[in-house]
Every structure is written in structure tokens, then in C-alpha cells.
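Hi,

Here is the structure I said I would pass on. Have a look at it first, and my notes follow below.

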Amino acid sequence: MNILLELFVVTFRVLWAFVLAAAKWLVRPKEKSVAGQVCLITGAGSGLGRLFALEFARRRALLVLWDINTQSNEETAGMVRHIYRELAEANPKVAGDGEKDALPHGSLQVYTYTCDVGKRENVYTTAERVRKEVGEVSVLVNNAGVVSGHHLLECPDELIERTMMVNCHAHFWTTKAFLPKMLEMNHGHIVTVASSLGLFSTAGVEDYCASKFGAVGFHESLSHELKAAEKDGIKTTLVCPYLVDTGMFRGCRIRKEIEPFLPPLKPEYCVKQAMRAILTDQPMICTPRLMYMVTFMKSILPFEAVVCMYRFLGADKCMYPFIAQRKQATNNNEAKNGI
């Protein structure tokens, strides 16, 4: 009898979850404030990482920027400081989400650290510096990513290892570094910037797909662990965008008749959608929404049906032009340097 009662309760909760999800489509949830909170972003020197930094700066967060490229990281910091100066000059009395924001302008600061997140000890050492020099991190955005751009049998082993280290393993190291204090305070937010290629794959980028699948699996398991520990004050958001026009996959092409309906995403649009999900504690965001349908179809269709669908869309070999461009660029560089 007890198990029947529990089954009834579970059924009700599942249905209620659908109702709440539908309600959020109709009524936009209120965005939380991150003013004064320490937000750490990996891969902040360019691309989505830089845009995330600017968005959090506009919301008056204290930024900690990590990147392996010191110069580009400092450029991002300069942009953040410019936003801080604009906020100070405007002298706003109310935060962007309508909440009172008593944060003094002088406390708005940005800190930069040169860190190779693919190296475990480098992550732990830099994390300790952050704790001593800045304080405890409240928002962790695992964004850093790389791509080798080689077919599997042509890809050097060290590049495969590098892709896995940066795109997947680094999430373990950064989370282990900053999660303990979040657990102690029962407060924080961990953001995993993965990819649609962490939900479904394509040919030619086996190492990248594997690393993003790993990041998605890590994030989902971590989310379940936090729920099991009843740490509801720590939120998690998984970001899975479609192809983003940052230049990372320059040359990638799907079927030309389909391209107008699935163009590469503008980085600014992708980040704004992700920020909305983060600030409303949304567990997962796929951009565009069509990616939810693709993921669902991949889960229920036979593999050969998926192959047929990929071929129709031109998604089965969409990375081949990108790989060819990378190979040509590598050959040109080697010839230029007389290698």
C-alpha cells in the first residue's frame, strides 16, 4: 500500500513539474541579483567568456577572469572596467532587476589570472590565490573550451588529450576547488557551458564531442548529487548552444537549403539567453529551442533513422569543410615557417 501511495505522489509531482515548466513559458520568472557576488569565468579572454564577463559586469558582479592568454584576458578586464565606470557615472539607485542595490561603486573590481585550466595543479594553485586575494566564489562559469579540428586518425594524441583536459576534466578541478565553500554556505551557482554536440554528435570531431558529452554527464551527475545532499541553495545551469559564430568552427556548413532556418547563432544572442537562464535558476538551456526537439528525436529514433535525418540536413559531414580549412591553415603555417 505504501508503494502505491508513493507512486501516486510521484505521479502528481511529475505532472506538477510539467505545469510549473509551462507556467515559466507564459510568465517570465524574476531574475535574481548577483550584485557584489564574486563571479569566476574561465576562458574569459574571448568569445562567449568575454561576453559573459560583460553581462555579469552590467549586473554589478565582482569579476574574476581566467584565461591562458594574458593579453586577451586583460583586454576583457579593460572592457569590464569601462562598464564599471559607466555605472559609477550613471549613479543608478536601482539594480537592473528592480531590486535595491546598495553596493558601493568603489567595490566593483575585476581580477585577472593567467591559468591553464587543462592543468590540474595550475587550477588548484590559482584557485587558492583567488580565495586569498578576492574571496570565496559564488558563481562559477566553466566556459573554457578548445577544438583540435582533425579527423580521429589524423589527430595527434596530445591534441586529443588537450581537448579532453580543457573541455571536460577542468570542470572537475574548478568545481572541487570552489564547491566546498558553496556547500558550507548552501549558496552558489555552477554554470557549465557545453554544446549541442554534448547532446548529439557528428562526424569528424570525435574528441570534441566526447569532451562535451563528458561535461554534460559531469554536470548532470553533480546536479543530482546536490539534490541528494539537499543543498537547494546551490543552483546549476547547463548551457548547450547550437553552432555559435565565434570563429571556433569557421567553415562548418549544413545543407544550403536548410542554412537559412538554422544559421549560426550570434554570440551576443546566445549569451543573453544563457544569462536569462542563469539568473532565473533554469537548470538547462538549449539555443535555439529546436535543439530540444533534435535531442528528443535522437533519443527515440533508431540509429539508421538518425543517420537519414542527419544526411537530409547535411549535418553528417558538416564539420568536414571546417576540418579542411584547419588543415590548410596548418599546412600554410608549416610552409611559411619552413617546417
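**What I found**

Glu184 and Lys181 pair up in a salt bridge, with 3.1 Å between the closest N and O atoms. Both residues sit in helix 5, 3 residues apart, or about one turn of the helix. Glu184 is exposed, at a relative accessible area of 57%, while Lys181 counts as partly exposed at 28%. Elsewhere, Glu55, Arg58, Arg59 and Lys272 are joined into one network by salt bridges that share partners. Do keep in mind that this is a predicted model.

The salt bridge count comes to 13. One of them links Arg50 and Glu75, at 3.4 Å from N to O. Arg50 is in helix 2 and Glu75 in helix 3 (residues 70-90), so this pair ties together parts that are 25 residues apart in sequence. Arg50 is buried, with 16% relative accessibility, whereas Glu75 is partly exposed at 40%. Then there is Arg131 with Glu128, whose closest N and O atoms are 2.7 Å apart. Those two are 3 residues apart in helix 4 (residues 120-133), so about one helical turn separates them. Arg131 is partly exposed at 25%, and Glu128 is partly exposed too, at 33%.

Back to helix 5 (residues 157-185). With 29 residues at 1.5 Å each, helix 5 should span 42 Å, and its end C-alpha atoms are 41 Å apart, which agrees. Still, helix 5 has a kink of about 45 degrees centred on His169. Right after the helix comes Asn186, with a positive phi near 50 degrees. Asn186 belongs to the loop between helix 5 and strand 5 (188-193) and is partly exposed, at a relative accessible area of 31%.

Which charged residues are buried yet have no salt bridge? Asp67 is one of them, the nearest side chain of opposite charge being Arg50, 7.8 Å away. Asp67 is in strand 2 (residues 62-67), and its side chain reaches the backbone nitrogen of Asn69 at 2.8 Å. Its contacts beyond four places in sequence include Gly43, Ser72, Tyr113 and Cys115. Asp207 is likewise buried without a salt bridge, with Arg326 as the nearest side chain of opposite charge, 8.8 Å away. Asp207 is in helix 6 (residues 206-228), and among the residues it touches are Ser148, Cys155, Leu159 and Met164.

A few backbone details are worth a look as well. Most residues other than glycine have a negative phi, and most peptide bonds are trans. Arg60 is not a glycine, but its phi is positive, about 70 degrees. Arg60 lies in the loop between helix 2 (47-58) and strand 2 and counts as buried, at 4% relative accessibility. There is also a cis peptide bond between Thr287 and Pro288, with omega about -10 degrees. Pro288 is in the loop between strand 7 (284-287) and helix 8 (290-300).

Last, helix 7 (residues 267-279). Its 13 residues should span 18 Å at 1.5 Å a residue, and the end C-alpha atoms are indeed 18 Å apart. The buried residues of helix 7 include Pro267, Cys270, Val271 and Leu279. The buried residues of helix 7 pack against helix 2, strand 5, strand 6 (234-241) and strand 7. Asp281 follows helix 7 and has a positive phi near 60 degrees.

Cheers

Note on methods. Residues numbered from 1 in each chain as written. Predicted model: local features only at pLDDT ≥ 70, side-chain atom pairs only at ≥ 80, totals over all residues. Heavy atoms only, no water. Helix = DSSP H or I, 4+ residues; strand = E, 2+ residues; numbered from the N terminus. Buried < 20%, exposed > 50% of the residue type's maximum accessible area, 1.4 Å probe, protein only. Lys, Arg positive; Asp, Glu negative; His and termini not counted. Salt bridge = Lys/Arg side-chain N within 4 Å of Asp/Glu carboxyl O. Contact = heavy atoms within 4.5 Å. Expected span 1.5 Å × (residues − 1). Bend = angle between axes of the 7 residues up to and from the residue. Polar contact = N/O pair within 3.5 Å; in protein donor to acceptor, adjacent residues only side chain to side chain.
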